[in-house]
Amino acid sequence: SASTVNMANNGSRPVVLVTNKETPLKGIQKLQQKCDVIFPSTHPATREEILELAGQVDGIMWVGHMALNGEVLDRGGSRLKAISTMSAGMDYVDVEEFKRRKFPLGYTPIVLNDAVADTAVGLMIAASRRFHEGRLAIDHSQWIGGPQWMLGRDIKGSTVGIIGFGGIGQTVARRLKGFEIGQLLYSGRRPKPEAEALGAKLVPQSELLQESDYVVLAVPLTKETYHMINESTLSLMKPTAVLVNVARGDLVDQKALVAALKNG
């Protein structure tokens, strides 16, 4: 707990608060080579305890999606010198406030690309081959079998649309090279120079939704992208389309999604 480390910085080793005790040990050990590391005493940590400790440390490793804003910087006072998150998404961070104060902020935009892309392809296969439905049938002793039962859909020859062709979107595209898909579309704010080598074609989002057999969401959550998948965008999609969201949940209006699934 926080009480086991001398909080006073004598100028040699900075004290760093890691806000979640479940942070992987490998990362903690790396930090400990240069810093004294402390954790909140509670788990999960309360915001009040984190704020209380913020003024007693030189740096914070902000683990999780609790709001990271001016309040944290205020409580950090003159001693707190830097904060780093361990995520690519920054929707919980008041980035403008950090810029205004010229306060050093770290994040990890490429560290998780491979893991997230693997998950995206895994979800595409699981949905198209009805893994979850099949597993439920096994669990409930309802396995029927037969040539037409639980037929899935091919990824080979299909049209895949990726909304957001940044690091994660491009990594998904590289994973799909072995699947012999028919067409790769992407939409975003601007053309990406990497797209040509990946065989991806920039189209308006409405066209991507209409044409795609698989739609992969890989955009950050912002005011503009909140509920970007909603009643009207869902109505553009093929009734047979598979939607894969490996970004933030709030990109999708869940009520509209449930209604679309129920109504076919």
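**Two parallel sheets and the helix α5 contacts**

In the predicted model, strand β3 (residues 59-62) is joined to strand β4 (residues 82-85) by four bridges, and the two strands run parallel. Within this pair, M61 stands opposite S84 in β4. Both strands belong to an open sheet of five strands. The order is β2-β1-β3-β4-β5, and the pairing is parallel. The edges are taken by β2 (36-38) and β5 (105-106). Each has a single partner strand, so one side of each is left without a neighbour in the sheet. A helix also packs on this part of the model: α2 (residues 47-54) lies across β1 (15-18), β2 and β3. Its direction makes an angle of about 155° with that of β3.

A further open sheet of five strands is arranged in the order β8-β7-β6-β9-β10. Its pairing is parallel. Here β8 and β10 (242-245) stand at the edges. Each of these two edge strands has a single partner, so one of its sides lacks a neighbour in the sheet. From one strand to the next, the twist averages 25°.

Strand β6 (residues 159-163) pairs with β7 on one side and with β9 on the other in the strand order. Five bridges link β6 to β7 (residues 183-187), and the two run parallel. Two facing pairs can be placed along this junction. I162 stands opposite Y186 in β7, and I163 stands opposite S187 in β7. The connection between the two strands passes through helix α7 (residues 167-176): β6, α7 and β7 form a right-handed β-α-β unit.

The pairing of β6 with strand β9 (residues 214-217) is also parallel, and rests on four bridges. V160 stands opposite Y214 in β9. G161 stands opposite V215 in β9.

How many residues of β6 are buried? Five of its five residues are, and the strand is mostly covered. The cover extends to both faces of β6. T159, G161 and I163 are buried on one side. V160 and I162 are buried on the other.

Strand β7 is likewise assessed by burial. Four of its five residues are buried, so β7 is largely enclosed by the rest of the structure. Besides its bridges to β6, β7 pairs with strand β8 (residues 200-202) in the parallel sense, over three bridges. In that pairing L185 stands opposite K201 in β8.

The UniProt record, an unreviewed entry, places the feature "domain: D-isomer specific 2-hydroxyacid dehydrogenase NAD-binding" at residues 121-264. Over residues 121-264 the chain is 38% helix and 15% strand. The end C-alpha atoms of this stretch are 24 Å apart.

V121, at the start of the annotated range, is found in helix α5. Its relative accessible area is 9%, under the 20% cut-off, so V121 counts as buried. Which residues does V121 contact, leaving aside its neighbours within four places in sequence? They are R175, L176 and F179. Of these, R175 and L176 fall within the residue range of helix α7 (residues 167-176). V121 and D139 are 18 residues apart in sequence. Their C-alpha atoms are 24 Å apart in space.

S128 is also found in helix α5 (residues 113-128). The relative accessible area of S128 is 2%, again under 20%, so S128 is buried as well. The side chain of S128 reaches the backbone oxygen of I125 at 3.2 Å. Not counting residues up to four places away in sequence, S128 touches G152, R153, I155 and Y214. One of these, Y214, is the β9 residue that V160 in β6 stands opposite. Y214 therefore links two parts of this description: a contact of S128 in helix α5 and a facing position in the β6-β9 pairing.

Key: Residues numbered from 1 in each chain as written. Predicted model: local features only at pLDDT ≥ 70, side-chain atom pairs only at ≥ 80, totals over all residues. Heavy atoms only, no water. Buried < 20%, exposed > 50% of the residue type's maximum accessible area, 1.4 Å probe, protein only. Polar contact = N/O pair within 3.5 Å; in protein donor to acceptor, adjacent residues only side chain to side chain. Contact = heavy atoms within 4.5 Å. Pairing = 2+ DSSP bridges. Right-handed = clockwise from strand over helix to strand, strands pointing away. UniProt positions renumbered as here; feature names shortened; annotations may be inferred. Axes fitted to C-alpha atoms, helices over the stretch in contact; angles between N-to-C directions.
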